[in-house]
Amino acid sequence: VSLALFYRFRMMGGAGPKFQPVDNPASFSNSTSTRFFTYNYIYSLNAWLLLHPWWLCFDWSMGCVPVVENFLADSRILAIFLFWIFVGALVGRALAQTRPLLALALALLVVPFLPASNLFFRVGF
């Protein structure tokens, strides 16, 4: 993996990717609450698409997912709360079980998602 990352970095001329506001509008927002709620909505949307992939798109940039700007009047906030309630219930159930199968399944879902989550660095989605 380290060797692949080294070659990738070398191919890009020693610089990271340059994202534009049309690639990821939430990342370029000045409002922390807008970024927070939009990212969380994207997490809930991805979880829904994992369960029910009826609305797929080859490129999620250019405003495919509108930014959550007014979190008090936006109905997508309900999806965010339902998503985190569902995740909390899954984590609680995984911790309550003596067999680690559910915890392993959650780890296999979460760990590959972390690089694309916008938590550690800006990504294009």
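**Exercise 1. The helix α1 and the chain around it**

Task: In this predicted model, decide how many of the ten residues of α1 are buried, and say what follows for its place in the structure.

Solution: Begin with the cut-off, since a residue counts as buried when its relative accessible area is under 20%. When this is applied to the ten residues of α1, the number buried is zero, so this helix lies largely in the open. Next, look at what comes after the helix: α1 is followed by G13, whose phi is positive, near 80°. Finally, set the helix in its chain, which has four helices and zero strands, with elements running α-α-α-α from the N terminus on. Of the 125 residues of the protein chain, 23% count as buried, and the C-alpha trace spans about 50 × 45 × 30 Å along its principal axes.

**Exercise 2. K18 and a distant part of the sequence**

Task: Work out where K18 lies, whether K18 is buried or exposed, and how many Å separate its C-alpha atom from that of V123.

Solution: First, place K18 on the chain: this residue belongs to the loop between α1 (2-11) and α2. Second, compare its relative accessible area of 66% with the cut-off for exposed residues, which is over 50%; K18 is therefore exposed. Third, although K18 and V123 are 105 residues apart along the chain, their C-alpha atoms are separated by 9.5 Å.

**Exercise 3. A nonpolar patch on the surface**

Task: Name the residues that make the nonpolar surface patch, and find which element gives the largest share of them.

Solution: The patch, of about 810 Å², is made by W48, L50, L51, W54, W55, L109 and V110. The elements that contribute two or more residues to this patch are α2 (32-51) and α4 (101-113), and the largest share, three residues, comes from α2. One member of the patch deserves a separate step: W55 lies in the loop between α2 and α3 (77-96). Because its relative accessibility is 36%, W55 counts as partly exposed.

**Exercise 4. Two pockets compared by their linings**

Task: For the largest pocket and the second largest pocket, give the volume and describe the lining by class of residue.

Solution: Start with the largest pocket, which has a volume of about 680 Å³. It is lined by 21 residues, of which Y43, A47, F83, V87 and V110 are the closest to its centre. The helices α2, α3 and α4 each supply at least two residues of this lining, and by class the lining divides into 18 nonpolar, three polar and no charged residues. V110 is thus named both in the nonpolar surface patch and among the residues closest to the centre of this pocket.

Now turn to the second largest pocket, whose volume is about 270 Å³. Its lining consists of L5, R8, F9, M12, G16, P17, F19, F121, R122 and V123, and these residues divide into seven nonpolar, one polar and two charged. The lining of the second largest pocket therefore includes charged residues, among them R8, since Arg counts as charged.

**Exercise 5. Enclosed space**

Task: State how many cavities of 30 Å³ or more the structure holds, and describe what lines the largest cavity.

Solution: A general idea helps at the outset: rolling a probe the size of a water molecule over the atoms shows where empty space is left. The structure holds two cavities of 30 Å³ or more, and the largest cavity contains about 90 Å³ of space. Twelve residues line this largest cavity, and those nearest its centre are N24, P25, I42, W60 and V65. Sorted by class, its lining has eight nonpolar, three polar and one charged residues.

Conventions:
Residues numbered from 1 in each chain as written. Predicted model: local features only at pLDDT ≥ 70, side-chain atom pairs only at ≥ 80, totals over all residues. Heavy atoms only, no water. Patch = residues over 30% accessible without salt bridge, like charges linked within 9 Å, V, L, I, M, F, W, Y side chains within 5 Å. Areas by Shrake-Rupley, 256 points an atom, 1.4 Å probe, with all protein chains shown as cover. Salt bridge = Lys/Arg side-chain N within 4 Å of Asp/Glu carboxyl O. Buried < 20%, exposed > 50% of the residue type's maximum accessible area, 1.4 Å probe, protein only. 1 Å grid on protein atoms, 1.4 Å probe; cavity = no way out; pocket = protein on both sides within 12 Å on 5 of 7 lines; lining within 4 Å. Points joined across faces, edges and corners; volume = space filled by probe spheres on them.
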